[in-house]
Amino acid sequence: MIRSIFIDYTGTIIQEKGEDLEKLVLRIWKNSNFKSPEEIGASWWEQLKMMEEQSFGDTFLTEDEIVDHLLGKFEEEAGLVDDLSELHRLFQRFWMYAPIFEDVKDFFENIKAGNHGFGVISKFDASGYKAHVAAEVKGFVAKDFMDFKA
């Protein structure tokens, strides 16, 4: 029985676009030293990914804490002059109302129906590892998608 599922929602469930995100990026651009909205996006997603990768165990940070940290960094490094609390609320609005990908409903319905790749590792002896549960893409054949000679 699956008790919980952890999903990287940005880029997996929600699309990294939408009216709220566009307004937020334009506001940061208008009130900072960034040269373009694209520069903001590249800087934000790069730093966000890095912080999320380092956020676990005793160093775990919530998305709210990460947003506060990154907005503070934009304030210091890019001269952002704005109400950071208001910008934070705009990020939260984006999380709630961002457009989702078309297959999200089917994805969750399949999980509820038990059609997923989560289960106890059975292809090899995993007793030496902390994780004993993993996910796999059923029917995936790597050589159909990758050139092993490259």
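**Ser32 and helix α4**

User: What is Ser32 in contact with, leaving aside its neighbours within four places in sequence?

Analyst: In this predicted model, Ser32 is in contact with Ala78, Gly79 and Leu80. Ser32 itself sits in the loop that runs between α1 (19–30) and α2 (37–54).

User: Why is Ser32 called buried?

Analyst: Its relative accessibility comes out at 13%, and the cut-off for buried is under 20%. Since 13% falls under that cut-off, Ser32 counts as buried.

User: What makes the link between the Ser32 side chain and the backbone oxygen of Ile28 a polar contact?

Analyst: The side chain of Ser32 reaches that oxygen of Ile28 at 2.7 Å. The limit is within 3.5 Å, so the pair qualifies.

User: Moving on to α4: how do you know that its length agrees with what a helix of 14 residues should span?

Analyst: Helix α4 covers residues 84–97, and at 1.5 Å a residue it should span 20 Å. The end C-alpha atoms are 20 Å apart, so the two values agree.

User: Which residues of α4 are buried, and why say that they line one face?

Analyst: Leu87, His88, Phe91 and Phe94 are the buried ones. Looking down the axis of α4, they fall within an arc of 110°, so they line one face of the helix. These buried residues pack against α1, α2 and α3 (63–77). On the other side of α4, Met96 and Tyr97 are exposed.

User: What happens at the start of α4?

Analyst: There, a side-chain oxygen of Asp83 comes to within 3.0 Å of the backbone nitrogen of Ser85. With the limit at 3.5 Å, this pair also counts as a polar contact.

Conventions
Residues numbered from 1 in each chain as written. Predicted model: local features only at pLDDT ≥ 70, side-chain atom pairs only at ≥ 80, totals over all residues. Heavy atoms only, no water. Helix = DSSP H or I, 4+ residues; strand = E, 2+ residues; numbered from the N terminus. Buried < 20%, exposed > 50% of the residue type's maximum accessible area, 1.4 Å probe, protein only. Polar contact = N/O pair within 3.5 Å; in protein donor to acceptor, adjacent residues only side chain to side chain. Contact = heavy atoms within 4.5 Å. Expected span 1.5 Å × (residues − 1). Arc of directions from axis to C-beta.
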